[in-house]
Amino acid sequence: MRNGSWSCECGQPTCRHRVSKHPRISAWRARATKDAAQIAKWATKYPQGNWAIVTGEDVDVVDLDRKSGKPSGIVTLACWEDNDSVQTPDSVRVSTSNGGSHLYFSTGSGLKTTSNSGIGIDVRSTGGYVM
């Protein structure tokens, strides 16, 4: 919290990111790891940090947004499914902090990173991350 409002804890006074929505480490793509000892060090150094998963290596993620005043990805996908134009494969579904969902698929699903804010559905694959 800075000046009575929630803000990013990165310490940069000009940061416009929402709280905990960008990597705290530089060169995050190259430094991303599954090493438990390194993760423990970061957890100690950044106790309020949010955790990200790099996409495209082990998982691809479909991000169904749900933001006030914008199209809902959850509604968009439900409409497609109801009209039988889309059949969502089995996946792990996780709720996000804004009321949306992430659908996790094994890498190799053929998904490509895209941003489709007009329909509320984004895809994160090679070169991306989700929080």
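How many residues stand between E3 and E4 in their hairpin, and which glycine in the turn has a positive phi? The model in which to look for the answer is a predicted one. There are five residues between the two strands, and the glycine is glycine 99, with a phi of about 90 degrees. This hairpin is one part of a wider fold, so to speak of its place, begin with the whole chain.

The chain holds three helices and seven strands. From the N terminus on, they follow the order α-α-β-β-α-β-β-β-β-β. The chain has 131 residues, and 27% of them count as buried. Now take the contacts with a separation of 6 or more. Residues 24 or more positions apart account for 58% of these.

Next comes the sheet. Five strands form an open sheet in the order E3-E4-E2-E6-E5, and their pairing is antiparallel. Strands E3 and E5 (114–116) stand at the edges, each with a single partner strand, so one side of each has no neighbour in the sheet. From one strand to the next, the twist averages 20 degrees.

Walk across the sheet from E3. Strand E3 covers residues 92–95, and strand E4 covers 101–106. The two run antiparallel, joined by four bridges. Two pairs can be picked out here. Arginine 93 stands opposite leucine 103 in E4. Serine 95 stands opposite serine 101, also in E4.

Step on to E2, residues 59–64. E2 pairs with E4 in the antiparallel sense, over six bridges. In this pairing, aspartate 60 has phenylalanine 105 of E4 as its bridge partner. On to E6, residues 121–124. Four bridges join E2 to E6, and these strands run antiparallel. Here valine 62 has valine 123 of E6 as its bridge partner.

Is E2 enclosed or left open by the rest of the structure? Six of its six residues are buried, so E2 is largely enclosed. Both of its faces are covered. On one side the buried residues are Val59, Val61 and Asp63. On the other they are Asp60, Val62 and Leu64.

Helix H3 lies across this sheet. It crosses E2, E3, E4 and E6, and runs at about 95 degrees to E6. H3 spans residues 73–82, and its buried residues are Gly73, Thr76 and Leu77. Seen down the helix axis, these fall within an arc of 95 degrees, so they line one face of H3. The general rule is that an α-helix has 3.6 residues a turn, so residues three or four places apart point the same way. The buried residues of H3 pack against E2, E3, E4 and E6. The face turned away from this buried side carries Val75 and Asp82, which are exposed.

Look also at the two ends of the helix. At the start of H3, a side-chain oxygen of serine 72 comes to within 3.3 Å of the backbone nitrogen of isoleucine 74. Just after H3, aspartate 84 has a positive phi of about 60 degrees.

Which residues make up the largest nonpolar core? There are seven: Val62, Leu64, Leu77, Leu103, Phe105, Ile121 and Val123. E2, E4 and E6 are the elements that give two or more residues to this core. Some of its members have appeared already. Leu77 is one of the buried residues of H3. Val62 and Val123 are bridge partners.

Phenylalanine 105 deserves a second look. Set aside its neighbours within four places in sequence. Its contacts are then Asp58, Val59, Asp60, Val62, Thr88, Pro89, Asp90, Ser91 and Leu111. Among them is Asp60, its bridge partner.

End with a loop. Threonine 55 is found between strand E1 (53–54) and E2. Is this residue buried or exposed? Threonine 55 is buried, with a relative accessible area of 2%. Its side chain reaches the backbone oxygen of serine 125 at 2.6 Å. Leaving aside neighbours within four places in sequence, threonine 55 is in contact with Val61, Arg124, Ser125, Thr126, Gly127, Gly128, Tyr129 and Val130. One of these, Val61, belongs to the buried residues of E2.

How values were computed. Residues are numbered from 1 along each chain as its sequence is written. This is a predicted model: local features need pLDDT of at least 70, side-chain atom pairs count only at pLDDT 80 or more; totals for chains, interfaces and linings use all residues. Side-chain values use heavy atoms; hydrogens and water are left out. Buried means under 20% relative accessible area, exposed over 50%, partly exposed in between (1.4 Å probe, protein chains only). The arc is that of the directions from the helix axis to the C-beta atoms. Contact means heavy atoms within 4.5 Å. A polar contact is a pair of N or O atoms within 3.5 Å; within protein, one must be able to donate a hydrogen and the other to accept it, and residues adjacent in sequence count only if both atoms are side-chain atoms. Two strands pair if DSSP finds at least two bridges between them. Axes are lines fitted to C-alpha atoms, for helices over the stretch in contact, and angles run from 0 to 180 degrees between N-to-C directions. A nonpolar core is a set of buried Ala, Val, Leu, Ile, Met, Phe, Trp, Tyr and Cys residues joined through side-chain atoms within 4.5 Å.
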